[in-house]
Amino acid sequence: MDYSNLSVLIVDDEEGIRHGLKNWFKKRFNVFDTGEYEEALKIAGKWHIDIAVLDIRLKGEKTGINLFRELIKQYPEMIVILVTGYGNVEDAVALMKQGAKDYLLKPVDHERLLGTIAKCLEIKNLQEENKSLKNELIKRDFPYGFVAHGRLMKFIRDKADKIKNEPIPICITGESGTGKEVLAKYIHYTSERRDKPFVVINCAAISETLLLSELFGHEKGAFTGANNVKIGKFQLADGGHLFLDEIGDMTQASQAALLRVLESKSFERVGGNKTIHVDVRVLTATNRDLKQKVENGEFREDLYYRINVVNLQLPPLRERKEEIVHLIEHFRSIYNERYRKEILSFSERATNLLVSCTWPGNIRQLKNVINEVVLLSEHSEVKAEDLEFSSLFGQHKTLPRPDFSKFTSLQEMVEAVSVEYEKKVIEHFLARENFNRSKAAKALKVDRKTLWRKIQKYNIDIVKET
Ligand SMILES: Nc1ncnc2c1ncn2[C@@H]1O[C@H](COP(=O)(O)OP(=O)(O)OP(=O)(O)O)[C@@H](O)[C@H]1O
Ligand SMILES: [Mg+2]
């Protein structure tokens, strides 16, 4: 093995022994040596030391044991080996419990010393490999990160940071696409539970029977079709987080079963009678108004208070417009890398256009637009015109539809719809023209006065005037 880039510090006040060790080590490692406590700390402060070999008896008041404790405290990664002329088993055991890697008697057996070092380095390498593999996994499962630059989002992230290691349930609410799942993942992957599983279950997408067996598992023969034992999500998530998505859509029976497991931290599989204990932190999410559901008698009040100890409410994107520029940048860089493109920026007009949109599909919709435009764009700068061809226009199709029952004639209906569209079209052109009203009026082929009247009529936000 090549150790030439590793550094060893030898501390022994008997010069003869120190030189012997030094000469032997010199052939393989970078070597520093001293006979004194203070000098040893100075060397360790100045150079990166991988391995320290310390004699227990030193000149002066401080011993090699004091030095060992100080070094481990300051440099927990350092491999420290102690040597002594007069050892006993009790001391050896006690020191190794405190983190010494070996305890050798003089005269030092060089082969054993090298063997210990090789073993420690191997373990360290494995640990590092493990760490980097874990980071890879986290990157794979959490590739989009969690963008939070604006005041509102920073407040939410800070709140999440404060409670992410507390054993209390968190309920995340917000419209579709606002990032409820991504926030749950942020909590998991930055919490003390990050090395344990993050398990997701969507409570709305499946029938009650299936949901119960997904959550708790089932025994063989529990019901027709249960040909094997199934491990439930609660058990799979042991030690980690279980993310119950769309909790507002659970049936009454499922709510009762969930309440029981939250209260007792234990459950039985469907068709089984053995009690299984788990340590699972439950995160829930919903885009429904749970409080309203409680008032309507559709959601159990006791469960509501159990899961809702802390509520993190994600605002819709239209209420955190200051985030949009950061999100554009974030997704631009992700898709640039994914498609090996070199889109360097979005023009000011393109950015303004994106900021001015109402984003009914929230961040998911913005992300899709950037994905498409980065993939298709052929210039290094994305222009407002490039966006016009993208699915951005899709959002105009998803405008809230008027309540047709309110109208008495076709003409009234058509007027109501076109008013909505007129407002959207004006907003769009204003943003495209960088909020220059003359240019927008020209593009729309109306005079400035007409445009101004309409801006006032529809109460359009003029974000920026030039
Ligand atoms: N703050 C954020 N930073 C980076 N990406 C985000 C952020 N918020 C949302 N996203 C991205 O937007 C998309 C939608 O987010 P997510 O699935 O978490 O939304 P949701 O609130 O769970 O939506 P739904 O209610 O429809 O399930 C995801 O691809 C996610 O990566
Ligand atoms: Mg979701």
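This report describes the domains, one sheet and the ligand surroundings of a predicted model.

## Domain layout

The domain assignment divides the protein into four parts: domain 1 (7-131), domain 2 (151-315), domain 3 (318-397) and domain 4 (404-457).

Where domain 3 meets domain 4, seven residues of domain 3 are in contact with six residues of domain 4. On the domain 3 side, helix α14 (residues 348-356) is the main contributor, giving five residues. By class, the residues on this side of domain 3 comprise two nonpolar, three polar and two charged.

## The five-stranded sheet

An open sheet is built from five strands with parallel pairing, in the order β2-β1-β3-β4-β5. The edges are occupied by β2 (30-34) and β5 (102-105); each has a single partner strand, and therefore one side of each has no neighbour in the sheet. On average, neighbouring strands are turned by 20° against each other, direction ignored.

Within this sheet, β3 (residues 51-55) and β4 (residues 79-84) run parallel and are joined by five bridges. Leu54 has Leu82 of β4 as its bridge partner.

## Surroundings of ligand 1

The shell around ligand 1 receives residues from both domain 2 (151-315) and domain 3 (318-397), so the ligand lies between these two domains. There are 17 residues around ligand 1, and those that come nearest are Val147, Ser176, Gly179, Lys180 and Glu181. Two elements, α7 (180-190) and α15 (362-376), each give two or more residues to the shell.

In composition, the shell around ligand 1 has six nonpolar, seven polar and four charged residues.

Technical notes:
Residues are numbered from 1 along each chain as its sequence is written. Chains are lettered from A and ligands numbered from 1 in the order in which they are written. This is a predicted model: local features need pLDDT of at least 70, side-chain atom pairs count only at pLDDT 80 or more; totals for chains, interfaces and linings use all residues. Two strands pair if DSSP finds at least two bridges between them. Helices (H or I, at least four residues) and strands (E, at least two) are DSSP runs, numbered from the N terminus. Axes are lines fitted to C-alpha atoms, for helices over the stretch in contact, and angles run from 0 to 180 degrees between N-to-C directions. Domain bounds come from an automatic or database domain assignment. Two residues are in contact if their C-beta atoms, placed from the backbone, lie within 7 Å. Ala, Val, Leu, Ile, Met, Phe, Trp, Tyr, Cys and Pro count as nonpolar, Asp, Glu, Lys and Arg as charged, and the others, Gly among them, as polar. A residue is near a molecule or strand if its C-beta atom, placed from the backbone, lies within 6 Å of it.
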